[in-house]
Amino acid sequence: MPVITNINDLKRIYERRVPRMFYDYAESGSWTEQTFRENTSDFEKIRLRQRVAVDMSGRTTASRMIGQDVAMPVALAPVGLTGMQHADGEIKAARAAEDFGVPFTLSTMSINSIEEVAEATSKPFWFQLYTMKDEDYIRRLIQRAKDAGCSALVITLDLQILGQRHKDLKNGLSAPPKLTPRTIANLMTKWAWGIEMLGAKRRNFGNIVGHVHGVSDTSQLGVWTAEQFDPALDWGKVEKLMEMWGGKVILKGILDAEDARMAAKLGADAIVVSNHGGRQLDGALSSIRMLPEIMDAVGNDVEVHLDSGIRSGQDVLKALALGAKGTMIGRAFVYGLGAMGQKGVTTALEVIRKELDTTMALCGERSVEGLGRHNLLIPEDFGGRWQP
């Protein structure tokens, strides 16, 4: 076993092990990838305030997210095609999250279905919803999530229109992968991945195939999906979805103070400051750069989480110190999953918790609940002087 000391160690194994189209799917942004890059580089601009001669004993990273006890304020974000990164990927990631004590979020565009993940786990997980034009399908999908005992609905707001990701188009991304000379050549170098995939429960979109009228196999899926994301989504429709669910709701994809205020006004249990990992509007500001403005706008009106760019426990600490009550990791856990399956996800979580705990101690804090802006050194121009 290689010695894993940080998330990049997992990323290197992941790149060697997983077919190129699925590696590129995770490790890319839209258009020039400016926002994708700045999601991580902007964390580096924030420095930490070291404190000494402080009692660092009895530390804890435990907290709560939307009223749920968590081992640390980190949830596994919804990631499409997770079951193509590793056989039964959603099931393995959900089990790792459950064992570790953090929330797992299942994507609408998952490979393993809601029912398969529920059957393989013993605790409720969160379900992420993409709004689509097929209202009957959406009603049935929400009911399936209720029947599976999902404890929160995460409604993604920033995918009404799909941002262009050049690598996906050039790779001919599909699940399962289409066998072209190029993909066959690449798959021949990923034999361990291929052997595991032969035993997978599923290799297509489990929440869609067989659940949508007229889509009984993957040959019909592409056309349906391309036409289904709802460009007419507005706050009125969001409110109706919240009423249809009737439970805890997290609104994901908030990157503007005014949108944060609207989400709070609707009564969301939490919002996620996110730019979809830099995969939608290229040229938007990073999530961490927008967090202070959004916190100033909504204060304690709604619980705020942060997604996009987190690769370490120090990143988690910086988000919490800026006011977030929770964070989400996507690529960080996918690297672990692709590298080593369920054990890799657990390893990613362990790495992040150790970094969070150690950094917290060296900043003079014993609990994540005590973190604040007093723990940070923030550049005067970090918020920028952007003109609307």
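**View 1. Met 188 is an exposed residue in this predicted model.** Its relative accessible area is 64%. To find Met 188, look at the loop between helix 9 (181-187) and helix 10 (191-198). Together with Leu 179 and Ile 184, Met 188 makes a nonpolar surface patch of about 350 Å².

**View 2. Glu 27 and Lys 11 form a salt bridge.** In this pair, the closest N and O atoms are 2.9 Å apart. Glu 27 sits in the loop between helix 2 (20-26) and helix 3 (34-44), while Lys 11 belongs to helix 1 (residues 7-17), so the contact ties together parts that are 16 residues apart in sequence. Is Glu 27 buried or exposed? With a relative accessible area of 10%, Glu 27 is buried. As background, side chains of opposite charge can pair when their charged atoms come close.

**View 3. Glu 15, Arg 20 and Asp 24 are linked in a network of salt bridges.** Here three residues take part, and you can follow the links from one name to the next. If you would like to see how this fits into the whole, a search of the entire structure finds 18 salt bridges.

**View 4. Asp 357 and Arg 59 meet through their side chains in a salt bridge.** The N to O distance is 2.8 Å. This pair links distant parts of the chain, 298 residues apart: Asp 357 is in helix 16 (residues 331-362), and Arg 59 is in the loop between strand 1 (47-48) and strand 2 (63-65). How covered are the two partners? Asp 357 counts as buried at 18% relative accessibility, whereas Arg 59 counts as partly exposed at 35%.

**View 5. Asp 307 and Lys 252 form a salt bridge between two strands.** Their closest N and O atoms are 3.7 Å apart. Asp 307 comes from strand 10 (residues 303-307) and Lys 252 from strand 8 (residues 249-254), so to speak two distant parts of the chain, 55 residues apart, that the pair links. Both Asp 307 and Lys 252 are buried.

**View 6. Strand 10 is mostly covered.** How many of its residues are buried? The count is 5 of 5. Glu 303, His 305 and Asp 307 point one way from the strand, and Val 304 and Leu 306 point the other way. This fits a general pattern: in a regular strand the side chains alternate between the two faces of the sheet.

**View 7. Strand 10 pairs with strand 9 and with strand 11.** Strand 9 (residues 270-273) runs parallel to strand 10, and 4 bridges join them. Across this pairing, Ile 271 stands opposite Val 304. The chain travels from strand 9 through helix 14 (residues 287-298) to strand 10, in a β-α-β crossover that is right-handed. With strand 11 (residues 326-329), strand 10 pairs in the parallel sense over 3 bridges. There, His 305 stands opposite Gly 326. The path from strand 10 to strand 11 passes through helix 15 (residues 313-321), and this β-α-β crossover is right-handed.

**View 8. Cys 150 and Cys 363 are buried cysteines.** Cys 150 has a relative accessible area of 9%, and Cys 363 stands at 4% relative accessibility. How many disulfides does a search of the whole structure find? The search finds 0.

How values were computed:
Residues are numbered from 1 along each chain as its sequence is written. This is a predicted model: local features need pLDDT of at least 70, side-chain atom pairs count only at pLDDT 80 or more; totals for chains, interfaces and linings use all residues. Side-chain values use heavy atoms; hydrogens and water are left out. Patches are made of residues with over 30% relative accessible area and no salt bridge: like charges are joined within 9 Å, nonpolar side chains (Val, Leu, Ile, Met, Phe, Trp, Tyr) within 5 Å. Accessible areas come from the Shrake-Rupley method with a 1.4 Å probe; for residues, only the protein chains shown count as cover. A salt bridge is a side-chain nitrogen of Lys or Arg within 4 Å of a carboxyl oxygen of Asp or Glu. Helices (H or I, at least four residues) and strands (E, at least two) are DSSP runs, numbered from the N terminus. Buried means under 20% relative accessible area, exposed over 50%, partly exposed in between (1.4 Å probe, protein chains only). A disulfide is a pair of cysteine sulfur atoms within 2.5 Å. Two strands pair if DSSP finds at least two bridges between them. A crossover is right-handed if, with the strands pointing away from the viewer, the path from the first strand over the helix to the second runs clockwise.
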